[in-house]
Amino acid sequence: MLPWQRHVNIVPVGDLSCARVSEMSSMNRKVAQNFAEIISKQVEHFNKTETEYLIREFNVLLGEPTNPRRAALGMDRGKFRSILYNIFGMTDDMIMDGVFRTFDTASDGFVSLKEWIEGLSVFLRGTLDEKIKYCFHVYDLNGDKYISREEMFHMLKNSLVRQPTEEDPDEGIKDLVEIILKKMDHDHDGRLSFEDFEKAVKEENLLLEAFGTCLPDSTSIERFERHVFKELE
């Protein structure tokens, strides 16, 4: 258990064990500020005050827990996916699962408070290099450090709109996979390594989200930040 999880998410035993995790007022403000100071020194792109507001938003989004012990771990997959859908307009199940997996760096099935802030730093404000690493991780469905033909096929099939006139859309998707490989597979091994992906994206930035939208658009970012940081304006 990490120090910030004890301060922010874990509720003391006894009668307080069912206290509402989402209530910012239940946290000692000084503790929240200290936690924000610690995280802001470890995470790029957010200052201490912004981090404190992101802590507040995390607790608001977590909502009233049906199981406080589970809520103490953070956001589960369902809660996180609902945020991606409702706030950032994502609809692709496969991609949303990949985004969840990328935020959940501990691979414990929950996005903790620190993972939330770390993930948002790239999701909202990341550099091109950070976004390349992020997108590659989202697209590497089985975590083997490569994007295979099969993974490309499934992601493209899931994200492309089928035309009613198409007799065999799978063949068209297979052709598209081969075109992408020809463009991005620099070492010609029939799959994309991180090095392949990075080189291709740096040559042509539009390839960053070649296999599905996994980053928010500028409108969604502006709307979310305006909502979270409105008191700072």
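In this predicted model, Arg 125 forms a salt bridge with Glu 50, and the closest N and O atoms of the two residues are 3.1 Å apart. Arg 125 belongs to helix α7 (residues 113-125) and Glu 50 to helix α3 (residues 48-62), so this pair ties together parts that are 75 residues apart in sequence. It is one of 16 salt bridges found in a search of the whole structure. The protein chain as a whole contains 12 helices and 4 strands, and buried residues make up 44% of its 233 residues.

**Salt bridges between helices**

- The two partners of the bridge between α7 and α3 differ in their surroundings: Arg 125 counts as partly exposed at 25% relative accessibility, whereas Glu 50 counts as buried at 13%.
- Glu 178 and Arg 149 also meet through their side chains in a salt bridge, with an N to O distance of 2.8 Å.
- This second pair links distant parts of the chain, since Glu 178 is in helix α10 (residues 169-184) and Arg 149 is in helix α9 (residues 149-159), 29 residues apart.
- Both of these partners are partly exposed, Glu 178 with a relative accessible area of 37% and Arg 149 at 35% relative accessibility.

**A salt bridge within one helix, and a network**

- Glu 222 and Arg 226 form a salt bridge through their side chains, at 3.3 Å from N to O.
- These two residues are 4 residues apart in helix α12 (residues 218-228), which means that about one helical turn separates Glu 222 from Arg 226.
- Glu 222 counts as exposed at 51% relative accessibility, while Arg 226 is partly exposed with a relative accessible area of 40%.
- Four residues, Arg 77, Arg 81, Asp 93 and Asp 97, are joined in a network of salt bridges.
- As a general principle, side chains of opposite charge can pair when their charged atoms come close.

**Helix α2 and its two sides**

- Helix α2 (residues 29-42) consists of 14 residues and reaches 20 Å from its first C-alpha to its last, close to the 20 Å expected at 1.5 Å a residue.
- The buried residues of α2 include Ala 32, Phe 35, Ala 36, Ile 39 and Ser 40.
- Viewed down the axis of α2, the buried residues fall within an arc of 130°, so they line one face of the helix.
- The exposed residues Lys 30 and Lys 41 are carried on the face of α2 turned away from the buried side.

**Packing of helices α6 and α9**

- Two packed helices are described by the angle between their axes and the distance between the axes.
- Helix α6 (residues 93-103) packs with α9 at an angle of about 120°, and the axes are 8 Å apart.
- Angles of 65 to 115 degrees would count as roughly perpendicular and those over 145 as roughly antiparallel; α6 and α9 are therefore oblique to each other.
- On the α6 side, Asp 93, Met 94 and Ile 95 take part in the meeting, and on the α9 side His 154, Met 155 and Asn 158.
- Asp 93 thus appears in two settings, as a member of the salt-bridge network and among the residues of α6 that meet α9.

**Arg 101 and its surroundings**

- Arg 101 is found in helix α6 and counts as partly exposed at 26% relative accessibility.
- Not counting residues up to four places away in sequence, Arg 101 touches His 137, Val 138, Asp 140 and Leu 141.
- Arg 101 and Val 111 lie 10 residues apart in sequence, and their C-alpha atoms are 8.8 Å apart in space.
- Across the protein chain, among contacts with a separation of 6 or more, 63% come from residues 24 or more positions apart.

**Residues with positive phi**

- Most residues other than glycine have a negative phi.
- Lys 145 has a phi near 75°, a positive value in a residue other than glycine.
- Lys 145 is placed in the loop between α8 (128-139) and β3 (146-147), and it counts as exposed at 60% relative accessibility.
- His 188 has a phi near 55°, again a positive value in a residue other than glycine.
- His 188 lies in the loop between α10 and β4 (192-193), and at 68% relative accessibility it counts as exposed.

Definitions and conventions:
Residues are numbered from 1 along each chain as its sequence is written. This is a predicted model: local features need pLDDT of at least 70, side-chain atom pairs count only at pLDDT 80 or more; totals for chains, interfaces and linings use all residues. Side-chain values use heavy atoms; hydrogens and water are left out. Buried means under 20% relative accessible area, exposed over 50%, partly exposed in between (1.4 Å probe, protein chains only). The expected span of a helix is 1.5 Å times one less than its number of residues. The arc is that of the directions from the helix axis to the C-beta atoms. Axes are lines fitted to C-alpha atoms, for helices over the stretch in contact, and angles run from 0 to 180 degrees between N-to-C directions. Angles under 35 degrees count as roughly parallel, over 145 as roughly antiparallel, 65 to 115 as roughly perpendicular and the rest as oblique. Contact means heavy atoms within 4.5 Å.
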